[in-house]
Amino acid sequence: MLPDIENLLKLQDADKEIRRLQEEIAELPKRVAAIEQKLAGTKAQLERAQASVKADEAARRKQETFIQDFRGKISKYRDQSLEVKTNDQYKALLHEIQFAEKEIAAAEDKILELMLNTDAREKEVKLAQAELKAETAEIEKEKADAHQRTGEDQTQLTEWRAQREQLRGGIDADLLRHYERVAKFRGTGISEAFDHKCTTCQVMLRPQTYNEVRTGQHAVLCDSCQRILYFNPAHELAANKPVAARPRRHHPKMDAKQAWYYRGEYGEAGETYLCFIKNQGQSTRRVYDVHNGRQVGDILIREGEYHAAFPEDLADAIRLNGSWDEADLEAWGALSKPQAKVLLTTCSITFVLEGHSLSWGTRFPSFPGVAV
Ligand SMILES: [Zn+2]
């Protein structure tokens with residue numbers, strides 16, 4: 001991996017961490033503000049309840065004054081009634097006394113009503129006071145936590161920013177400018193190329209682009225999202241491991257790196273073995289005479305997967321199992337027959353017909369010296 005790419009990956013980590021810390025620092029006062037708002041609501045509720053209790057007390061005092069006034073009047077009317085001369089005057093005073101007594105009874109009812117109301121209000125006040133106490137304690141704790149967290153975040157942020165500056169200094173200026181421009185618009189500026197794709201935008205890469213990323217000679221961009229691409233060999237290795245660990249498959253893998261086919265007729269050559277090898281987005285084809293093991297014609301190289309690149313060769317072909325080194329293949333095709341026999345024996349190649357019970361010896365003339 002290019003040192004610039006390694007530094008860009010570290011820079012991306014630093015950028016992510018800086019963003020996370022900034023978001024957390026911005027979030028803490030919002031949380032405190034939300035609790036403060038709740039606290040203000042409880043305070044207002046308490047104030048309303050307390051004001052209501054006061055209003056009730058004032059109303060009660062007013063009714064008590066009222067009662068005292070009427071009691072004074074009744075006493076005065078009783079004194080006057082001792083001195084009246086006529087029956088009409090006496091009746092008039094009695095009427096005044098009865099009226100005052102009714103007013104007193106009404107005021108006493110009102111006072112009772114107010115007292116009941118005050119009991120309920122006082123309960124509300126006590127409840128609101130308890131809530132306020134709990135919420136105040138909560139907000140104090142929250143504030144202290146937020147303060148501490150902000151302090152820690154700020155320290156980390158300073159460290160990350162310093163690290164970021166150091167990393168920026170170690171990256172090619174043009175590449176850094178490109179990374180920062182893409183990151184500004186897309187959130188990230190670098191992306192892993194894996195399994196022929198850009199793993200961020202999920203668009204397939206051209207075979208040549210993918211090869212360039214794999215070889216890591218220079219920085220390569222994703223044609224689709226413009227992110228700088230990198231290749232992680234460890235990732236590919238890990239992805240391939242479970243495949244190797246699986247139980248052996250009866251059928252050959254369709255997308256294997258190397259594939260062997262048998263054809264009963266192949267132009268003038270007659271019975272042949274075809275070997276296709278996939279390499280860096282290209283496919284090579286080798287043809288061998290079944291009877292003597294010699295290579296027929298030249299090695300053909302075409303772009304893309306061999307299924308797509310050599311469809312005419314696969315039309316009537318039977319898939320076989322087999323795997324050789326490319327060097328062995330080269331040697332085998334070039335050797336004269338007796339030498340080829342020896343090489344075949346040392347390579348211990350096995351061909352198994354897929355889905356057919358045919359074996360060497362019967363259907364296929366075989367290469368002398370090959371153990372089946
Ligand atoms: Zn992309």
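**A five-stranded sheet, strand by strand**

Let me begin with one pair of residues: F276 stands opposite R285 in β7. I should say at once that what we are looking at is a predicted model, and with that in mind I will work outward from this pair.

The two strands concerned, β6 and β7, pair in the antiparallel sense over eight bridges, and they form a hairpin with two residues between them, where Q280 in the turn has a positive phi of about 50°.

If we now follow β7, which covers residues 282–289, to its other partner, we find six bridges joining β7 to β8, the two strands running antiparallel. Within this pairing, S283 has R302 in β8 as its bridge partner.

Turning to the other neighbour of β6, which spans residues 272–279, we come to β5, residues 258–263, and these two strands pair over six bridges, again in the antiparallel sense. Here the bridge partner of Q258 is I277 in β6.

So which order do the five strands take in the sheet? The sheet is open, with antiparallel pairing, and the order reads β8-β7-β6-β5-β9. Its edges are formed by β8, residues 295–303, and β9, residues 318–320, each of which pairs on one side only. As for the geometry, neighbouring strands of this sheet are turned by 25° against each other on average, with direction ignored.

As a general reminder while you look at the model, strands of a sheet pair through backbone hydrogen bonds, either parallel or antiparallel. To come back to where I started, F276 and R285 face each other across the β6 and β7 pairing, with its eight bridges.

Key
Residues are numbered from 1 along each chain as its sequence is written. This is a predicted model: local features need pLDDT of at least 70, side-chain atom pairs count only at pLDDT 80 or more; totals for chains, interfaces and linings use all residues. Two strands pair if DSSP finds at least two bridges between them. Helices (H or I, at least four residues) and strands (E, at least two) are DSSP runs, numbered from the N terminus. Axes are lines fitted to C-alpha atoms, for helices over the stretch in contact, and angles run from 0 to 180 degrees between N-to-C directions.
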